[in-house]
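This report concerns how two chains meet and how they are related.

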Protein chains: 2
Amino acid sequence: MNNPILVQAWRGGAVESFHRGAVAVVDARGAVRLSLGDVDRPIFPRSAVKALQALPLVSSGAAERWGLTDAELAQACASHSGEPLHVATSAAMLAKAGLTPDALECGTHWPSLDTATRALAASGQSPNALHNNCSGKHAGFCCLGAWMARVQGQEAAGFLRGYIEPEHPVMREITAALETATGTRLADAPRGTDGCSIPTFGIPLRALAQAFARFGTGQGLSPEHARAAQRLRQAVAAAPFHVAGTGRFDTRVMERLGERLFCKVGAEGVYCAALPELGLGVAIKMDDGNTARAVEVAMAAVARALLPLDDADHAFLDGLASVTLKNWNGREVGQLAATDFVPG
Amino acid sequence: MNNPILVQAWRGGAVESFHRGAVAVVDARGAVRLSLGDVDRPIFPRSAVKALQALPLVSSGAAERWGLTDAELAQACASHSGEPLHVATSAAMLAKAGLTPDALECGTHWPSLDTATRALAASGQSPNALHNNCSGKHAGFCCLGAWMARVQGQEAAGFLRGYIEPEHPVMREITAALETATGTRLADAPRGTDGCSIPTFGIPLRALAQAFARFGTGQGLSPEHARAAQRLRQAVAAAPFHVAGTGRFDTRVMERLGERLFCKVGAEGVYCAALPELGLGVAIKMDDGNTARAVEVAMAAVARALLPLDDADHAFLDGLASVTLKNWNGREVGQLAATDFVPG
């Protein structure tokens, strides 16, 4: 099946490049509101499901036990930009659970925000695992694991070792939460290894969208997970800087729309979102894996089409669904723009 | 028309993302050797035609008059990484023509090589126009313009001002060279503004491939342009670091294959190449504009299929047509691989 063109990059008066993809909008019972392209092919959701993977952190009682704040819970759901406040927040999460950054098994990379990387380099420092965009998610895993170890009477650091492996007790909890939310038997799903070394499972867009409808409404989740979902949505809406960072799409959108839209980007052109007031979940995957410019524009177009908006919020999403491109001299050279793929 | 899938990104045992595109392989008379997808849609070749835009620099006598070296001519064809040697070389080109970096109108950006950016930041400096990946091309334009000014008895810096505009005498020379090489009437072509502010014209892949067959053989070019093309190909083969930079595809391929393959990447997923011994030119455009990972892999697959190769060179191109992906912990997580799109 050829997926439809969702986003076009214009230069001058011509389409220079274009991005195909698939979109599913589904309610908590699985009723399909919108289906474009192949929504049944298993795709790796990557970081777009971090909020589902954070459910056990809250439902287990670990978040409450360690006294995690809104910012810290938001960061457990985050792909952050490695800015100083992100680094400090991941470190604080670990410290609350009696752990050090040595517990993190996500690997190291330079901050994804260019200015943060240059500031780090200018200060003569190198990055560590706290700068990894997944350090908040991993700190959340470690907080969960430290609580599991405490309950079982084990020493936390030793218990945690190898928590990124599929069969580790911590990762089994996380995978079970993902399995329940998506209603997918993950033992039979395609499995890959994510950038931060945890498993990622191939799940159809249709099931991902349904999972986020559940995440946004609590319907179809256990009472514990429904409460955890609500807590995480509130936390991200209260501290949206921590789910992404300076100038980033998720941060900007949730700063503006708060709990009306929970959205989360994933590598390789994935977006998942919940629209609680409509009872809907959204999942998008670009064929070509383009995250930075294609799937964000598509996500903005979906949100604009589905949510009832006042003029100001409509204009805000217009600005994200159609982005002016400038060159190194600041000249306007073109546009990124969503096609009219969502029925009005 | 749906263009075929040229490159797939695998994760675990599944295709995670994929890239469609079109490919034209044509000889100097316009006979099509290979045509995949829509090769008649005008596409913006961007930086892939820098070598054609450098023809007047040589054919005018400017390169000889200013004593430009192989490295400097290679850099006139380059999208370089902004490394210190690139910066020094662009500055030297300007100095030979009696100009300063103030002449450059390409705009400024941080070096495209991460380590070069971090070293610059660590030294407390900011980039200038010499760090722009196009500074060598623009220095070449300025060397041409300074020579034109000299011939006309004008002051160079004043003559050059505004050289990036379509109607400036320098840009008219460059556009005329592109028009002749591609056999395309550019006044009727879609026109956009490139990242460095010069015009870029929509040209079908079929015509771009023919232009590079001409560039590789001299057939169909004026004697002056045929000699200039040969000089530029020799220069790039002699100094391939200057056409790209550390670890970059064009540099690696031409370090290995020398004058057997002239290839040049362009923004938004474009490649152009000349295979002089076969009398063929190649032009590729990825639908989604993915340069970094998709079009390079496709280019390697085309070169591997067309060129007679010994085992070592075949293995070298195999390594570029199928690239292992590792994550932040160094674990192998997948592959980028060309599909079997070129008939064996």
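The sections below cover the model, the interface and the symmetry.

## Model and conventions

The model is predicted; local features need pLDDT of at least 70, side-chain atom pairs count only at pLDDT 80 or more, and totals for chains, interfaces and linings use all residues. Residues are numbered from 1 along each chain as its sequence is written, chains are lettered from A and ligands numbered from 1 in the order in which they are written, and side-chain values use heavy atoms, with hydrogens and water left out.

## Extent of the interface

Chain A and chain B each bring 47 residues to the contact (heavy atoms within 4.5 Å). Together they bury about 3800 Å², with carbon and sulfur atoms accounting for 45% of it; buried area is the accessible area (1.4 Å probe) that two parts lose on being put together, summed over both.

## Salt bridges

Six salt bridges cross the interface of chain A and chain B (a side-chain nitrogen of Lys or Arg within 4 Å of a carboxyl oxygen of Asp or Glu). One of them joins E165(B) to R331(A), with the closest N and O atoms 2.8 Å apart.

## Symmetry

Two copies of a chain are related by a rotation about an axis and a shift along it. Here a turn of 180° and a shift of 0.0 Å along the axis lay chain A on chain B with an RMSD of 0.0 Å, by least squares on the C-alpha atoms of residues with pLDDT of at least 70 in both. This is the relation of a two-fold axis. A122(A) is the residue of chain A that comes closest to the rotation axis, its C-alpha lying at 1.9 Å.

Of the interface residues of chain A, 100% are also interface residues in chain B, so the copies meet through the same surface.
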